[in-house]
Amino acid sequence: MSKKYVLRGNKMSSTERTRLKIFPEVIRNDDGVSVSGTVNRIAIIQTDKENEGLLNNCRKLSDTSHNEKFLAFLDSKKMTVTISLVTIYALFADDIKTLIFAKSADNIFSTLVVICLLLFSGELVLSSFFKPNYKWSFYFWLDLIATLSLITDIGWMWDNFIGVSNTSSSNKQLQNAGKASRAGTRTSRILRIIRLIRLIRLVKLYKNAQIAIKNTGDEEEQEQLKEELQNLGQESQVGKKLSEVTMKRVILIVLIMLFLLPMFEYDFYASSQTSWEYGVDELQKFLNNDGFEIVKNQYIEYHKNDLRPLVYLSWTNATGDYEWNGDINYNDLRYNEIFYYSYKNIISIFDLRYDSKLISFLNIFKTLFICVVLTLGALFFTKDAEELVIKPIETMLAKVRRIAKNPLSAMEIKTTPHINQLPNKKKRCLFCNKKPIKPSDYETMIIENTIIKIGILLALGFGEAGSAIIGLNVEKNNDIDSIMSGTKVVGIFGFCDIRNFTDTTEELQEGVMKFVNEIAQIVHGLTSKYFGAANKNIGDAFLIVWKFSPEEVYVEDEIIVRNPSSKKAFYVPDLALLSFMKILAKVHKDPNVLKYRSYQKLVQRMPNYEVKMGFGMHMGWAIEGAIGSQFKVDASYLSPHVNLASALEASTKMYGVPILISGALYDILSNDIQNYCRKIDVVILKGMSKQLNLYTCDCDFKHFIPGKLTSRKKEVYSKKCKNLKKKLEKGEISTKQIFSKSDEFSLMREGFTYNFYNNFRTGFKFYIAGEWMQAKPYIEKSLEIRPKDGPSLSLINFIGEFAFRCPSSWRNYRVIG
């Protein structure tokens, strides 16, 4: 049984085994064990029954792959050419057979038709399964009817269906000729219309021609075409619908005309009596009379060398049964190539090959003519609508999709008109001599420019975090529904809170907006620089999110699995922590924020006032969606993990630290960055059932001095973010180097000595084990080194409430909240 190795958080689950298969790029040493520098733990898993979830995922991925392969096969150049050739054969083969070949070749043609039937049926079945929106569609029924119409071209099947026997025994010859002739007489008119169903195959030929045109050209032309399509966006639903409706109507009009026009002709309902029928009637009058032989011979001689010669004549008189056979055996003729007429005791059969060949010849030209009509009809009906409506709509749709994907790109879209919308300036109205319409006067151009302006407002209103919600609503093309389902995402959630905000608001009054926005500039800018996105601004609080794609990080049942091939999954957690530390540093040195320390009203109410903030950070999943009603909607995240980040921020006051980090986030920090964090407690928050490890990143700002004013423009932060990402992806820099090279981070870490951490960790170990009397002296020693250390004060006060004696109910954690 094979063994595999995977990165993990605290423990291994079937979920991790599933993700292992999806993320197989784990670095291994000679023993098969991962040696990545960011690995915290290693777990060995067996390929056993617990991989059922993995198999299901693989099946889904395999199904998707199969669908794409079959769809590519159906649209491939080879398949298109093959089906086109088969379609051309199906359209013309029966007429060519009648025009050139004798009845003896019918079996060969029937065999080829069976092959065509199998190819069409196979394509129909594959298209029904793998082509989206094809099954039960208009074209599905056309293809089905066209495929079934091939049955009439299979001689042995169709002849038996209409009652024609293939036996050649002498006693059956006349009966077969009669059946064939009667079948031809009864069905000749109806068959004219039924056979027109073949022309439905022209639609397939037309569609294949369109595909072939798109597939022509060399690879460079194909790549250029793909780029143009990406710039213009995908074909719009309006364009697809209009093209489809136009094509349907052209097809239906042509086919209806072909079906109905023969019904308005006289010979569809009745036939004039011919000399063949009149002669037989006259022969019957002379039967058993002396002049019968003379009249019979005259009848035979008159029709013997005609374009439609007499090939058989039989009569029954008082002396017996007699027959006359011409130079051609009527058994060698197809049932539609003979005319059979009988009156009482006389039967005559005529050769109609001249008519059948002429009909086949005309059918070929009729098919070619209808090809031209269908093509020109579809082109002319759609040309004007495409130029004036469809292309402008598709251009607008491309910009809407771009805005939906990234609302900030709306500011980069130019408002110049599309080249297809520019009229010919030299043209004037032939009758009114008016000047041509300016591009800006087109309603489509007005709408397009309005879309760009709305996009800019969306970018300002929703920001980067709301882009997914905008895209979802734009793609669905529906009104925003406040009870719509959200999307499950994985990310790092950070809550920031401004301390003493109520008192500050009462004193600043109207100036509180500027105060909050000064801090928001710092929070939003620095988190954006380190790949985060601002989501909510709730007065004194900000919600910041670092969202991961499903290909980067997967979380389920609190287990975090990262794709080893994704560098972003490993450096973003470190930078998320760094961004909050940078915010704390900026707040304590930025001149725009430091000026409030000397604001008279604030100092009077809160002596030694300074802006203080609290931060809570947690890693987990959340439901991303639109919250609100038709009156107001906000893009937000809902989940216990978001609430946990908020609860951690609230708990910073109890522990006297500016930042609290959950164990889930700590576990995915790199080893070097974990060394900067201190475990300060194990708790269960109110309303939660699982234990939570709490960490903090210690910082002290007493050595900070006021800094200089720096640019807060978004372009500056965006440029820094791009440069940083480029270096991280190329491996030119690591998060360890970023932390160590930061003067601000080094300055805030001064004063936290090894002796301090050693005493606290030893006391914390006894505290968790329930040996509180042993924990007391170590925690007190840490307080001697740093008297204002919040976590030490919190622990000593807590165990002091129990007189430093651990209660029997202690379970290695405490409940807070």
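Reader: Strand 6 first: how many of its residues are buried?
Author: This is a predicted model, where local features need pLDDT of at least 70, side-chain atom pairs count only at pLDDT 80 or more, and totals for chains, interfaces and linings use all residues. Residues are numbered from 1 along each chain as its sequence is written, and side-chain values use heavy atoms, leaving out hydrogens and water. Helices (DSSP runs of H or I, at least four residues) and strands (runs of E, at least two) are numbered from the N terminus. Strand 6 is mostly covered, and the count of buried residues (under 20% relative accessible area with a 1.4 Å probe, protein chains only; over 50% is exposed, in between partly exposed) is six of six.

Reader: Which residues point the opposite way from Ile346, Ser348 and Phe350?
Author: Residues of strand 6 point to two sides, and those on both sides are buried. Ile346, Ser348 and Phe350 go one way, and the other way go Ile347, Ile349 and Asp351.

Reader: What is the strand order in the sheet?
Author: It's an open sheet of four strands with antiparallel pairing (a pair needs at least two DSSP bridges). Strand 4 (320-325) and strand 5 (338-343) are the edges, each pairing on one side only. Neighbouring strands are turned by 10° against each other on average, direction ignored. Put together, the order is 4-3-6-5.

Reader: Which residue stands opposite Asp351 in strand 6?
Author: On one flank, strand 3 (310-317) pairs with strand 6 over five bridges, with Trp315 opposite Ile346 and Leu310 opposite Phe350. On the other flank, six bridges join strand 5 to strand 6, and these two form a hairpin with two residues between them, where Lys344 in the turn has a positive phi of about 55°. The residue opposite Asp351 is Ile338.

Reader: What angle does helix 12 make with strand 3?
Author: Helix 11 (275-286) packs on the sheet, in contact (heavy atoms within 4.5 Å) with strand 3, strand 5 and strand 6, and makes about 30° with strand 5. Angles run from 0 to 180 degrees between N-to-C directions of lines fitted to C-alpha atoms, for helices over the stretch in contact. Helix 12 (292-304) lies across strand 3, strand 4 and strand 6, and its angle to strand 3 is about 165°.

Reader: How far apart are the axes of helix 3 and helix 4?
Author: Helix 3 (77-100) and helix 4 (106-130) pack at an angle of about 145°. Ile83 and Val86 in helix 3 are among the residues that meet helix 4, whose contributors include Phe109 and Leu112. The spacing of the axes is 10 Å.

Reader: Why does the Phe531 and Tyr571 pair tie together separate parts?
Author: A search of the whole structure finds 38 aromatic pairs (Phe, Tyr or six-membered Trp ring centres within 6.5 Å; planes under 30 degrees stacked, over 60 edge-to-face, the rest tilted). This one is tilted, at 5.6 Å centre to centre with 50° between the planes. Phe531 is buried at 17% relative accessibility, and Tyr571 is buried at 6%. Phe531 lies in the loop between helix 17 and strand 8 and Tyr571 in helix 18, so the parts it ties together are separated in sequence by 40 residues.

Reader: Which residues does the ring cluster with Phe798 contain?
Author: Phe798 and Trp810 form a tilted pair, 6.3 Å centre to centre with 45° between the planes. Phe798 is buried at 14%, and Trp810 at 12%. Ring pairs link the cluster, made up of Phe760, Phe764, Tyr767, Trp772, Phe798, Phe802 and Trp810.
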